Amino acid sequence: MEKVLFIYNPNAGKATLKNKISDILELFRRADFQVTVFPTLESGDATQIVRDQGRGFDRIICAGGDGTLHEVTHGVMEMEADQRPKCGYIPAGTVNDFATGIKLPKRVLKAAQIAAGMCSHAYDIGELNGSYFTYVAAFGAFTSVSYETSQASKNALGKTAYLLEGMAQLTDLKSTHVRVDADDERWEEDCILGMVTNAKSVGGMNLYRKKKVYLDDGYFDAIFVKNPTNPIEMNLVISFLVSGEANSQVKMLRGRKIIIDATEEISYTLDGENGGMHKKAILTNHQQAITFFHGKE
């Protein structure tokens, strides 16, 4: 009988997860799991639960949005590598970028079946100055949209809530001068947006349409959007965000380790959550650090 730690966010997405908990627990029981259940009560709760309770379990399954997964990931990464349980994810948030990358279905019970299954793979995990992230570390325009948009708006409007909040920020774009070192390549420019990712989509947008992205190869893909100085350049920025096709306003880099030096402290988000202020960001890829149960191609 497998010992399973089940952590869920009752407020994720449209708060419909609460109505599925009994069905999920019945599914786990039929899988012959011995389940310990914790609902999260506040921000940071999932990380603390993993810290306090996570060792000794065969698998940790979390249900919620990317923020819940982010917190669980951080807790698991604080364990010694040989002590980390395999992880399952039941996406119940608004966007669920990581879930898309590992082929998880949108329906809660279908995802729960995968989390209770045997199909698993080890995926890369990122680190920024000691804080871990599952799929993206970012700064600049639009990156604060996820945690600045209220849960009520997310529940009522879904992805539209992100779009409305992002459009409001278009009138207040601020550039930052950064120097980026990606392995052996250096690049320097004024930017309005920077993203270091281990993902096939960010914010529901596929930004790598003409490029094969692997989530287990030990490399980050990084995107930096240069500060537009005229309407033509602004149109190129918008075109990239809509189409995912790179142009002269976009710089793409790749590396196992990426260092971003800014002229001032800038605010980062990690998996859509507040990642703090950093002047120098050292981003390290931990290759195949956590094993997740995933859907089939």
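Lys103 is partly exposed in this predicted model, with a relative accessibility of 37%. The residue is situated in the loop that links helix 4 (97–101) to helix 5 (108–115). Although Lys103 is not a glycine, its phi is positive, at about 65°.

A positive phi is also found at Asp32, a residue other than glycine, where the value is near 65°. Asp32 belongs to the loop between helix 1 (21–30) and strand 2 (33–39). With a relative accessible area of 39%, Asp32 is partly exposed, since this class covers values that are neither under 20% nor over 50%.

The packing of helix 2 against helix 3 was examined next. Helix 2 comprises residues 45–53 and helix 3 residues 66–77, and their axes come within 7 Å of each other. The axes cross at roughly 30°; because angles under 35 degrees count as roughly parallel, the two helices are therefore assigned to that class. The crossing of helix 2 past helix 3 is right-handed.

On the side of helix 2, the contact is formed by Asp45, Ala46, Thr47, Val50 and Arg51. These residues meet Thr68, Glu71, Val72, His74, Gly75 and Val76 of helix 3. Classified by residue type, the contact between helix 2 and helix 3 contains four nonpolar, four polar and three charged residues. Among the nonpolar residues are Ala46 and Val50 of helix 2 together with Val72 and Val76 of helix 3, while the charged residues include Asp45 and Arg51 of helix 2 and Glu71 of helix 3.

Key
Residues are numbered from 1 along each chain as its sequence is written. This is a predicted model: local features need pLDDT of at least 70, side-chain atom pairs count only at pLDDT 80 or more; totals for chains, interfaces and linings use all residues. Side-chain values use heavy atoms; hydrogens and water are left out. Axes are lines fitted to C-alpha atoms, for helices over the stretch in contact, and angles run from 0 to 180 degrees between N-to-C directions. Helices (H or I, at least four residues) and strands (E, at least two) are DSSP runs, numbered from the N terminus. Angles under 35 degrees count as roughly parallel, over 145 as roughly antiparallel, 65 to 115 as roughly perpendicular and the rest as oblique. A crossing is left-handed if the near helix is turned anticlockwise from the far one by less than a right angle, and right-handed if clockwise. Contact means heavy atoms within 4.5 Å. Buried means under 20% relative accessible area, exposed over 50%, partly exposed in between (1.4 Å probe, protein chains only).
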